[in-house]
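Please take a moment to look over the sequence and the model before reading on. The explanation below goes step by step through a few of the helices and some of the rings they carry.

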Amino acid sequence: MSQSLAVRDPVGRPAAAHEPVAALDPRRMLQLALGALWLLDGMLQFQPAMFGKGFPQMLAGSAPGNPALVARPISWSAAFIGHHVVVLNAIFAAIQLLLGLGIAWRPTVRLALAGSVLWSLAVWWLGEGLGGVLAGTASPVDGAPGAVVLYGLLAVLLWPADRDPADRAPADRAPADRAPADRAPADREPAAPFVAARAVGRRIAQASWLAVWLGLAVLALLPASRAIGRAIADTTPGEPAWLAWIDTHAASALTRHGLLAAIVLAAAFVIVALGTFLPRRPARAAIILAVVVAAVLWLAQGLGGILTGSATDPNTGPLLALLALAFWPLSAPARSAGET
């Protein structure tokens, strides 16, 4: 018969050593989701189609309609990539994989998030032509203002640091007469109503939220966005039968009602944009609406083409949903010994 283990710890370890591992901080979970999307991008970049001439041709296609200052570097970089497509595409894919892995590994999360911002800005210009915003072809259904710029925005909003306690609202500040040891550290008790406000503050976070969703509302009302049925139909080639069926029927239903659909979509964007300024319950309803709208857009985008073998990213749907979750109203300040 085996003997039972001793109940007492003869070494006398600290009590903290026996405590269960703390649950992931909400910001850390969002960081890991962002890292997973970068890993997906890297794997998509390794698809065989990306090593052929179609990849630089796709990049060059974002130049027409843009101002010369924007278009010429796009055309030059596409031509350069076309002459070295195998090597450069492998490098591009590796960079995105490294960004994802860097975000997943705590010691390199800051470096990877900073790299995400720089890489996003470069790809948004040279790879997406600034999302077609200056070319007059931008449409939320097509993925405007560009998925990659949302990666950069999320990297900033999920930066692993909290504003100084001096920046808190007066009601949230620790009393001056409390001993320093009694005060909660800034990274343990951030005075932020949602995760996105922890690093940059509430005002900057809300300004970025307004810029994204009100910008989408404006784009939805432009002439380029009224051909919603055609935009959805263009995503069907190469899709699995079940997804092509959904997109084909959606395109057919919206072909004759493009203007009405654009107005409804713009109205939804405006409601979402105002959501973070509302009390907690209606704010949560607005965030849920944002996730639903993001899911609908992703279906309209054919899941970003990730099942066709020719997509470089999952498009804006998942990024908008992740952005919405970063603005989910918190019930109480997040506390965790392992926050990042």
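What follows begins with one helix, moves on to the aromatic rings, and ends with a pair of helices.

The model shown here is predicted, and a good place to start is helix H1, which covers residues 26-45. At 1.5 Å a residue, its 20 residues should span 28 Å, and the end C-alpha atoms lie 29 Å apart, which agrees with that expectation. At the start of H1, a side-chain oxygen of Asp25 comes to within 3.1 Å of the backbone nitrogen of Arg27. The buried residues of this helix include Leu30, Leu34, Leu37, Trp38 and Leu44, and the buried residues of H1 pack against several other helices, among them H4 (85-104), H5 (109-126) and H6.

One contact with H6 can be followed through its rings. A pair of aromatic rings is described by the distance of the centres and the angle of the planes. Of the nine aromatic pairs in the structure, one is formed by Trp38 and Tyr151, whose rings are 4.3 Å apart from centre to centre and tilted, with 35° between the planes. Because Trp38 belongs to H1 and Tyr151 to H6 (residues 147-157), this pair ties together parts that are 113 residues apart in sequence. Both Trp38 and Tyr151 are buried.

Elsewhere, ring pairs link Phe194, Trp209, Trp213, Phe269 and Phe327 into a cluster. Trp209 and Trp213 are in H8, and Phe269 is in H11, where they are among the residues through which these two helices meet. The axes of H8 (residues 202-221) and H11 (residues 258-274) come within 8 Å and cross at roughly 170°, and the two helices are therefore roughly antiparallel to each other.

Note on methods. Residues are numbered from 1 along each chain as its sequence is written. This is a predicted model: local features need pLDDT of at least 70, side-chain atom pairs count only at pLDDT 80 or more; totals for chains, interfaces and linings use all residues. Side-chain values use heavy atoms; hydrogens and water are left out. Rings of Phe, Tyr and Trp (its six-membered ring) pair if their centres lie within 6.5 Å; planes under 30 degrees apart count as stacked, over 60 as edge-to-face and the rest as tilted. Helices (H or I, at least four residues) and strands (E, at least two) are DSSP runs, numbered from the N terminus. Buried means under 20% relative accessible area, exposed over 50%, partly exposed in between (1.4 Å probe, protein chains only). The expected span of a helix is 1.5 Å times one less than its number of residues. Contact means heavy atoms within 4.5 Å. A polar contact is a pair of N or O atoms within 3.5 Å; within protein, one must be able to donate a hydrogen and the other to accept it, and residues adjacent in sequence count only if both atoms are side-chain atoms. Axes are lines fitted to C-alpha atoms, for helices over the stretch in contact, and angles run from 0 to 180 degrees between N-to-C directions. Angles under 35 degrees count as roughly parallel, over 145 as roughly antiparallel, 65 to 115 as roughly perpendicular and the rest as oblique.
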